[in-house]
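Reader: I would like a close look at the charged side-chain pairs in this protein, and at the packing around them. Could you take me through that part carefully, with the cut-offs stated as you go?

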Amino acid sequence: MSRFDITLAGEANLDLLLHGLPEDLPTDRELLADGMALALGGSAAITAHNLAALGSSVGFVTIDSGDLFARFCMDELSTAGVDLSRSVRSPHSMGNGGGTGVSVLIEHRRSRRTLTYPGATHHLHFEDLDLDYLASARHFHLSSYFLLENLRKDVPRLFDHLKKSGLTLSLDPNDDPQNEWGDDFLEVLRYVDVLMPNEREACAIARESDPKAALHKLAARIPLIVVKQGARGATAIQNGRCLHVEPPDVSPVDAVGAGDSFNAGFLHAFVSGLEVEACMRLGNLAGAFSTTAAGGTQALRNRDAFTRFAATLR
């Protein structure tokens, strides 16, 4: 028997969301937002939180910097039911880049600016990981590949160990801040069972300008690719079979963490043995519902509300 349904390793950061700022941001001016929220951030942390909120048993290895922001993040994860028993206390101080990471998300009407201080995210090493702990699950998920500066070179080694331990693996690459999308990432894909990029990321990985061409190119390398398309839902290819699932209509507050919430819904169903189309439907439900509150986790903290939301769409 596996101890967990899903284990993860990666970043737990703080998100500061600002609403109502102008599209043009002039310098040397004090610009006033008309809305603000503080929330748990980091793709891995949001996915872990929302998996637990949906009822999956989740183990998560992250860095606890011991600062005020870390206490907030760890409390949010623990309250959701995420096991943090193998998380690592950072030996680094705030002064040399070891504090908890922070993203400032400036929400415009049709776009978003994201300003990130990665902090301790860059200090997670392969040697920090309890491999037996991560292998004590049915599935392992990795997010933010390009932010994991000191773990990235060892991801093939990590994935090889977990595959040999019998786990299935999923990967959400998230953005590459350097916009290089190097060949080392393509090497990692040979271990991956489920790749979960958005359309822009899929095009960058495949070096294609057309999302459809990128999807089919990547599908030739991976058993299952699921491309998130925002308000247009998601498209997947599994063993040559293409599926598209539309999302439900909602009145969004913001889309922060919607892709990570999709991941949580999809993987919660995936480890339960459901067919890909059913996994996509739950992913769309979780992603859409997450947009009804500020940040990536606030909406899914209320599991009863999510259950009622899902029931209205059946």
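Author: With a salt bridge taken as a side-chain nitrogen of Lys or Arg within 4 Å of a carboxyl oxygen of Asp or Glu, the count comes to 16 salt bridges. This is a predicted model, in which local features need pLDDT of at least 70 and side-chain atom pairs count only at pLDDT 80 or more, while totals for chains, interfaces and linings use all residues. Residues are numbered from 1 along each chain as its sequence is written, and side-chain values use heavy atoms, with hydrogens and water left out.

One of these pairs joins aspartate 5 and arginine 138, whose side chains meet with 2.6 Å from N to O. Aspartate 5 belongs to strand 1 (residues 4–9) and arginine 138 to strand 9 (residues 137–143), so this salt bridge ties together parts that lie 133 residues apart in sequence; helices (H or I, at least four residues) and strands (E, at least two) are DSSP runs numbered from the N terminus. Aspartate 5 is buried, at a relative accessible area of 17%, whereas arginine 138 is partly exposed at 39%; buried means under 20%, exposed over 50% and partly exposed in between, with a 1.4 Å probe and protein chains only.

A second pair is formed by arginine 301 and glutamate 76, with the closest N and O atoms 3.5 Å apart. Arginine 301 sits in the loop between helix 9 and helix 10 (303–311) and glutamate 76 in helix 2 (residues 68–80), so this pair ties together parts that are 225 residues apart in sequence. Arginine 301 is partly exposed, with 45% relative accessibility, while glutamate 76 is buried at 13%.

The surroundings of glutamate 76 deserve a closer look. Threonine 297, which also lies in the loop between helix 9 and helix 10, is buried at 2% relative accessibility, and, leaving aside residues up to four places away in sequence, threonine 297 touches Leu40, Ile46, His49, Asn50 and Glu76, where contact means heavy atoms within 4.5 Å.

Glu76 also takes part in the packing of helix 2 against helix 1 (residues 43–54), whose axes come within 8 Å and cross at roughly 25 degrees; the axes are lines fitted to C-alpha atoms over the stretch in contact, and angles run from 0 to 180 degrees between N-to-C directions. That angle makes helix 1 roughly parallel to helix 2, the rule being that angles under 35 degrees count as roughly parallel, over 145 as roughly antiparallel, 65 to 115 as roughly perpendicular and the rest as oblique. Here Ala45, Ala48, His49, Ala52 and Ala53 of helix 1 meet Glu76, Leu77 and Ala80 of helix 2. By class, this contact has six nonpolar residues, one polar and one charged, with Ala, Val, Leu, Ile, Met, Phe, Trp, Tyr, Cys and Pro counted as nonpolar, Asp, Glu, Lys and Arg as charged, and the others, Gly among them, as polar.

Elsewhere, the side chains of arginine 112 and glutamate 107 meet in a salt bridge at 2.9 Å, N to O. Arginine 112 is partly exposed, with a relative accessible area of 37%, and glutamate 107 is buried at 9%. Lys153, Asp154 and Arg157, in turn, are linked in a network of salt bridges.
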